[in-house]
Amino acid sequence: MYSIIVFFHVVSALFLGSLLALPLVMNSFFSRTSNELKTALKTALSFTRASHYALVLLMISGVWMVVAHSSYPSILWIGIALMLLILIGGLIGMMHKNIKRIIFAENPEKKLLEHVSKLKWYSWITFLLIIASIFVMTNRSLFA
């Protein structure tokens with residue numbers, strides 16, 4: 001059973017890790033026209049939606065591994081790990097909302113220019129939080 005939980009945990013982490021490319025993908029949105037822009041934004045929207053599911057599966061499998069199959073890490077480690085994952089989920093949700101606004105706008109290019117700074121900041125902060133969560137998750141004895 002433990003190997004199945006680890007499998008789901010690793011697959012979810014890999015899928016969430018695919019968001020590490022999002023800050024670089026954001027730059028390609030500016031060179032696209034109307035239909036290409038909507039297609040690229042819909043793809044990014046699908047990634048944000050799927051990453052929310054991956055994040056939930058990551059939390060469930062992580063809690064299951066900590067509670068059922070290992071010695072308990074420190075309370076500080078658990079708190080920081082959960083806080084990082086919740087922050088990542090919140091930022092992904094904010095990106096999702098802004099991308100939806102751009103897609104459903106009458107003029108997506110103009111709306112993209114209005115939201116470009118938010119999307120770039122959210123994607124870079126998400127990038128840094130994912131890196132921080134990888135560091136924290138791989139160093140369980142960090143706060144012992």
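# Exercises on a five-helix chain

V11 lies in helix α1. Keep that residue in mind; it returns in Exercise 2. The model is predicted.

## Exercise 1: The overall fold

Task: Find how many helices and strands the protein chain has, and describe its overall dimensions.

Solution.
Step 1. Count the elements. The protein chain has 5 helices and 0 strands.
Step 2. Read them in order. The pattern along the sequence is α-α-α-α-α.
Step 3. Take the dimensions. The C-alpha trace spans about 55 × 30 × 20 Å along its principal axes.
Step 4. Look at the contacts between residues at least 6 apart in sequence. Of these, 83% join residues at least 24 apart.
Step 5. Turn to the surface. The accessible surface comes to about 8400 Å², and 71% of it belongs to carbon and sulfur atoms.
Step 6. Check burial. Of the 144 residues, 36% count as buried.

## Exercise 2: A nonpolar patch

Task: Decide whether V11 is buried, partly exposed or exposed, and say which surface patch it helps to make.

Solution.
Step 1. Read the relative accessibility of V11. The value is 40%.
Step 2. Apply the cut-offs. Buried means under 20%, exposed means over 50%, and partly exposed lies in between. V11 is therefore partly exposed.
Step 3. Find its partners. V11 joins M1, I4, F7, F8, V56, L57, I60 and W64 in a nonpolar surface patch of about 860 Å².
Step 4. Trace the patch to its helices. Both α1 (2-17) and α3 (34-69) supply at least two of its residues.

## Exercise 3: Two residues of helix α3

Task: Compare Y53 with M65: which is buried and which is exposed?

Solution.
Step 1. Place them. Y53 is in helix α3, and M65 is in helix α3 too.
Step 2. Classify Y53. Its relative accessible area is 59%, so Y53 is exposed.
Step 3. Classify M65. Its relative accessibility is 14%, so M65 is buried.
Step 4. List what touches M65. Leaving out residues up to four places away in sequence, M65 touches Y2, I5, V6, H9 and S70.
Step 5. Measure across the chain. Y53 and S141 are 88 residues apart in sequence, and their C-alpha atoms are 28 Å apart. M65 and E114 are 49 residues apart along the chain, with 43 Å between their C-alpha atoms.

## Exercise 4: A buried residue of helix α1

Task: Find which residues L16 contacts beyond its neighbours within four places in sequence.

Solution.
Step 1. Locate L16. This residue belongs to helix α1.
Step 2. Test for burial. The relative accessible area of L16 is 4%, so L16 is buried.
Step 3. Name the contacts. With neighbours within four places set aside, they are S51, L55, L58, I88, I92 and I130.
Step 4. Compare sequence with space. L16 and I134 are 118 residues apart in sequence, yet 11 Å apart from C-alpha to C-alpha.

## Exercise 5: Two buried polar residues

Task: Give the helix, burial and contacts of N98 and S123.

Solution.
Step 1. Start with N98. Its helix is α4 (residues 75-103).
Step 2. Check the accessibility of N98. The value is 2%, so N98 is buried.
Step 3. List the contacts. Not counting residues up to four places away in sequence, N98 touches H115, K118, L119 and Y122.
Step 4. Move to S123. This residue sits in helix α5.
Step 5. Check again. At 1% relative accessibility, S123 is buried.
Step 6. List the contacts of S123. They are L22, P23, M26 and M95, with residues up to four places away left out.

## Exercise 6: Charges and a salt bridge

Task: Find how many salt bridges there are, and which side chains meet.

Solution.
Step 1. Begin with the principle. Side chains of opposite charge can pair when their charged atoms come close.
Step 2. Count. There is 1 salt bridge.
Step 3. Name the pair. The side chains of K111 and E114 meet at 3.7 Å, N to O.
Step 4. Relate the pair to the helix. K111 and E114 are about one helical turn apart, because they are 3 residues apart in helix α5 (residues 108-138).
Step 5. Classify both. K111 is partly exposed at 26% relative accessible area. E114 is partly exposed at 48%.
Step 6. Step back to the whole chain. The mean positions of its 12 positive and 4 negative charges are 12 Å apart.

Note on methods:
Residues numbered from 1 in each chain as written. Predicted model: local features only at pLDDT ≥ 70, side-chain atom pairs only at ≥ 80, totals over all residues. Heavy atoms only, no water. Patch = residues over 30% accessible without salt bridge, like charges linked within 9 Å, V, L, I, M, F, W, Y side chains within 5 Å. Areas by Shrake-Rupley, 256 points an atom, 1.4 Å probe, with all protein chains shown as cover. Salt bridge = Lys/Arg side-chain N within 4 Å of Asp/Glu carboxyl O. Helix = DSSP H or I, 4+ residues; strand = E, 2+ residues; numbered from the N terminus. Buried < 20%, exposed > 50% of the residue type's maximum accessible area, 1.4 Å probe, protein only. Contact = heavy atoms within 4.5 Å. Lys, Arg positive; Asp, Glu negative; His and termini not counted. Charge placed at Lys NZ, Arg CZ, Asp CG, Glu CD.
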